[in-house]
Amino acid sequence: MSDDFKPVLYLKEDCPFCLKVRIFVLESGSADQVTVRDFSEGTEGETQVKSELSGHLDKVSFPAAQMAPGSFINESDDIIAKLETLSGKQAGQMAVYQNYVNGAFSLAMTLWRENAALKQAAASA
Ligand SMILES: N[C@@H](CCC(=O)N[C@@H](CS)C(=O)NCC(=O)O)C(=O)O
């Protein structure tokens, strides 16, 4: 493995799961230990990232990460666990991260589940 390799994070704009990873990276002070590939929905950047990841993940979702050359993972919590090891910092000790996960992120998940249930009820009415 090249000594120069930095884990690559594939982060979509406006994705609440990606924001968890962004906050972890910033609050842990590990921004210089990773390379971030940012893109927005519907852009050429998204097409490129998806084709780059498609052969490496069963199902492409974001955030995704290449933690070592050729070793790809997704699932935000799995990525954060790897970044905890890399940075030596614990998400549980981070005030901004915890504030986001327990506040806006949790609310977004609740609203998403309620919306999905309402759509399902409306479709079967
Ligand atoms: N359980 C996953 C959920 C990730 C997820 O649903 N990400 C959305 C974006 S917010 C996604 O990848 N959607 C498909 C896409 O954008 O192509 C995680 O924690 O990483």
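**Close-up views of a predicted model**

**View 1. Strand E1 meets strand E3.** In this predicted model, Leu 9 of E1 sits opposite Ala 65 in E3. Strand E3 covers residues 64-68, and three bridges connect E3 with E1 in an antiparallel arrangement.

**View 2. Strand E1 and its two faces.** Which way do the side chains of E1 point? Val 8, Tyr 10 and Lys 12 point one way, while Leu 9 and Leu 11 point the other way. Every one of these residues is buried, on both sides of the strand. Because five of the five residues in E1 (residues 8-12) are buried, the strand is largely enclosed by the rest of the structure.

**View 3. Strand E1 beside strand E2.** Here we look at the pairing of E1 with E2 (residues 35-39), which is parallel and has five bridges. Leu 11 faces Asp 38 of E2 across this pairing. To get from E1 to E2, the chain passes through H1, making a right-handed β-α-β crossover.

**View 4. Helix H4 from end to end.** Helix H4 takes in residues 95-123. With 29 residues at 1.5 Å a residue, H4 should span 42 Å, and so the 41 Å between its end C-alpha atoms agrees. Follow the helix along and you will meet a kink of about 35 degrees, centred on Phe 105.

**View 5. The buried residues of helix H4.** Which residues of H4 are buried? They are Tyr 97, Tyr 100, Val 101, Phe 105 and Met 109. Phe 105 is thus a residue to look for twice, as the kink is centred on Phe 105 too. The buried residues of H4 pack against two helices, H1 (16-28) and H3 (76-87).

How values were computed. Residues numbered from 1 in each chain as written. Predicted model: local features only at pLDDT ≥ 70, side-chain atom pairs only at ≥ 80, totals over all residues. Heavy atoms only, no water. Helix = DSSP H or I, 4+ residues; strand = E, 2+ residues; numbered from the N terminus. Expected span 1.5 Å × (residues − 1). Bend = angle between axes of the 7 residues up to and from the residue. Buried < 20%, exposed > 50% of the residue type's maximum accessible area, 1.4 Å probe, protein only. Contact = heavy atoms within 4.5 Å. Pairing = 2+ DSSP bridges. Right-handed = clockwise from strand over helix to strand, strands pointing away.
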